[in-house]
Amino acid sequence: MNHYKQKAAGAAVLISLLIGGCAVAGGGQDDGYAAMSGEELAEHLIFEERGFKLEQLTQEGGTVKDRLIQDDLQRVCSAVDGNVSSEARSKAMAIAQAQMEYPAGGIKLGDWRKGNELARSGYGFRVGHKTDDHTSREPGGNCYACHELDPDEIAYGTLGPSLKGYGKLRGTGDAMLKYTYEVIYSPHAYFPCTHMPRFGANNFLTKEQIGDIMAYLMHPDSPVNK
């Protein structure tokens, strides 16, 4: 079986499990599910079948249901099997650029030691059985979940590219400061429909915290550049 067939078979099994499981929960609505588009079925399973605790309060205000409703950029990027058109990518880049906000005093490097802590922390915005309490601890960027940074760190994700030696390789000129800030603030401006979070645009990190993480990436004293 080639890769495409394996993927198709896997998707068919997953859809069967989802529909089968929900048919039991929903009292046998297979005919209704079959008439839905993929997008309609996904939204039905999330919002109507009670698979999530939709009324649970979130740290940013509102509920889990509010958080699951797609915004304009997410709707542009939503597509079956990830086949996002060039037109959709252009729209995503335009939306991301329009959402960009900059520090009042200009884009500057912050404290790389604070950036180190933020890059290593995955705390924040989690809800469920043990909801993160933002009054006792600030949310982090969880950068190591996807990127290699400090070359001496032995555990990191590889979903994103390695950022080892980021500042040493690219410098700290104004153009690079602006580019790095914008990628962290809303990466869709350069990588439309990426899976990287919009740390600034979605208020996961403040502008000052983004400056701290930038310092961790770019300052010559940071272990990232040793």
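**Exercises on a predicted model**

Asp 174 has a relative accessibility of 65%, so this residue counts as exposed (over 50%; buried means under 20% and partly exposed lies in between, with a 1.4 Å probe and protein chains only). The model is predicted: local features need pLDDT of at least 70, side-chain atom pairs count only at pLDDT 80 or more, and totals for chains, interfaces and linings use all residues. Residues are numbered from 1 along each chain as its sequence is written, and side-chain values use heavy atoms, leaving out hydrogens and water.

**Exercise 1.** Place Asp 174 in the fold.

*Solution.* Start with the helix: Asp 174 sits in helix H9 (helices are DSSP runs of H or I with at least four residues, strands are runs of E with at least two, and both are numbered from the N terminus). Next, look across to Ile 107, 67 residues apart from Asp 174 along the chain. The C-alpha atoms of these two residues are separated by 8.3 Å.

**Exercise 2.** Find which cysteines are joined by a disulfide, and describe the link.

*Solution.* First, recall that a disulfide is a covalent bond between the sulfur atoms of two cysteines. The cut-off here is a pair of cysteine sulfur atoms within 2.5 Å. By this rule there is one disulfide. Cys 77 and Cys 193 are the partners, with an S to S distance of 2.1 Å. They connect distant parts of the chain, 116 residues apart: Cys 77 belongs to helix H5 (residues 72–77), while Cys 193 lies in the loop between helix H9 (174–185) and helix H10 (207–218). Now check the handedness: the torsion about the S-S bond is about -80 degrees, so the disulfide is left-handed. Finally, both Cys 77 and Cys 193 are buried.

**Exercise 3.** Explain why Cys 143 forms no bond with Cys 146.

*Solution.* Take the sulfur of Cys 143: its closest cysteine sulfur, in Cys 146, is 8.8 Å away, which is too far for a bond. Then compare their surroundings: Cys 143 is buried, with a relative accessible area of 14%, whereas Cys 146 is partly exposed at 26%.

**Exercise 4.** Look for aromatic pairs in the whole structure.

*Solution.* Use this rule: rings of Phe, Tyr and Trp (its six-membered ring) pair if their centres lie within 6.5 Å, and planes under 30 degrees apart are stacked, over 60 edge-to-face and the rest tilted. The search finds five aromatic pairs. One of them is Phe 199 with Phe 204, edge-to-face at 6.5 Å centre to centre and 75 degrees between the planes. Phe 199 is buried at 11% relative accessible area, and Phe 204 is partly exposed at 27%. Ring pairs also link Tyr 102, Tyr 181 and Tyr 185 into a cluster.
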